[in-house]
Amino acid sequence: MDFSSGLPAGGKMDSASKEQLMSQVKQQIALANAQELLQKMSEKCYKKCISKPGTTLDNSEQKCIAMCMDRYMDTWNLVSRVYGQRLQRESSRMS
């Protein structure tokens, strides 16, 4: 991604351009985090739940996958929330 293509000739960005760029960066980070979450969750739950790969999942494998994914999402959300709170505390200390 080339961020410099929208810069004026002097190379300086106005406030609106900076905000737009930050918004784009945040969206890219969010997308990368979602992709990582899905990839890791799939990998870990597959290893945990699928003992004999085949064309279909049996009932116990389906239940295991569902529970594993639920637990993984709950854990991801908890860690994300606590991390966000910690960042806010640290940010307020620096202000």
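Colleague: What percentage of the 95 residues in the protein chain is made up of buried residues?

Modeller: In this predicted model, buried residues make up 9% of the 95 residues in the protein chain, and the secondary structure of that chain comes to 2 helices and 0 strands.

Colleague: Why is lysine 47 called exposed?

Modeller: Lysine 47 has a relative accessible area of 65%, and since the word exposed is kept for values over 50%, lysine 47 is therefore counted as exposed.

Colleague: What makes the pair of lysine 47 and glutamate 43 a salt bridge?

Modeller: The side chains of lysine 47 and glutamate 43 come to 4.0 Å, taken from N to O, and because the rule asks for a side-chain nitrogen of Lys or Arg within 4 Å of a carboxyl oxygen of Asp or Glu, the pair is counted as a salt bridge. The two residues are 4 residues apart in helix α1 (residues 15–49), so about one helical turn separates them.

Colleague: Which other pairs form a salt bridge, and how many are there by this rule?

Modeller: The count comes to 3 salt bridges. Aspartate 58 is joined to lysine 52, with the closest N and O atoms 3.0 Å apart, and arginine 93 is joined to glutamate 90, where the closest N and O atoms are 3.1 Å apart. Arginine 93 and glutamate 90 lie 3 residues apart in helix α2, so they too are separated by about one helical turn.

Colleague: Why is aspartate 58 called partly exposed?

Modeller: The relative accessibility of aspartate 58 is 29%, and because buried means under 20% and exposed means over 50%, with partly exposed in between, aspartate 58 counts as partly exposed. Its partner lysine 52, at 52%, is exposed.

Colleague: How do you know that glutamate 61 has no salt bridge, and which side chain of opposite charge is nearest?

Modeller: Glutamate 61, which lies in helix α2 (residues 59–94), is buried, and the nearest side chain of opposite charge, that of lysine 52, is 4.3 Å away. A salt bridge has to fall within 4 Å, so the distance of 4.3 Å does not qualify. Lysine 52 is nevertheless among the residues that glutamate 61 touches, as are Cys49 and Ile50, when residues up to four places away in sequence are not counted.

Colleague: What makes tryptophan 76 partly exposed, and which residues is it in contact with?

Modeller: Tryptophan 76, placed in helix α2, has a relative accessible area of 26%, which lies between the limits of 20% and 50% and therefore makes it partly exposed. Leaving aside neighbours within four places in sequence, tryptophan 76 is in contact with Asn33 and Leu37.

Technical notes
Residues are numbered from 1 along each chain as its sequence is written. This is a predicted model: local features need pLDDT of at least 70, side-chain atom pairs count only at pLDDT 80 or more; totals for chains, interfaces and linings use all residues. Side-chain values use heavy atoms; hydrogens and water are left out. Buried means under 20% relative accessible area, exposed over 50%, partly exposed in between (1.4 Å probe, protein chains only). Lys and Arg count as positive and Asp and Glu as negative; His and the chain ends are not counted. Contact means heavy atoms within 4.5 Å.
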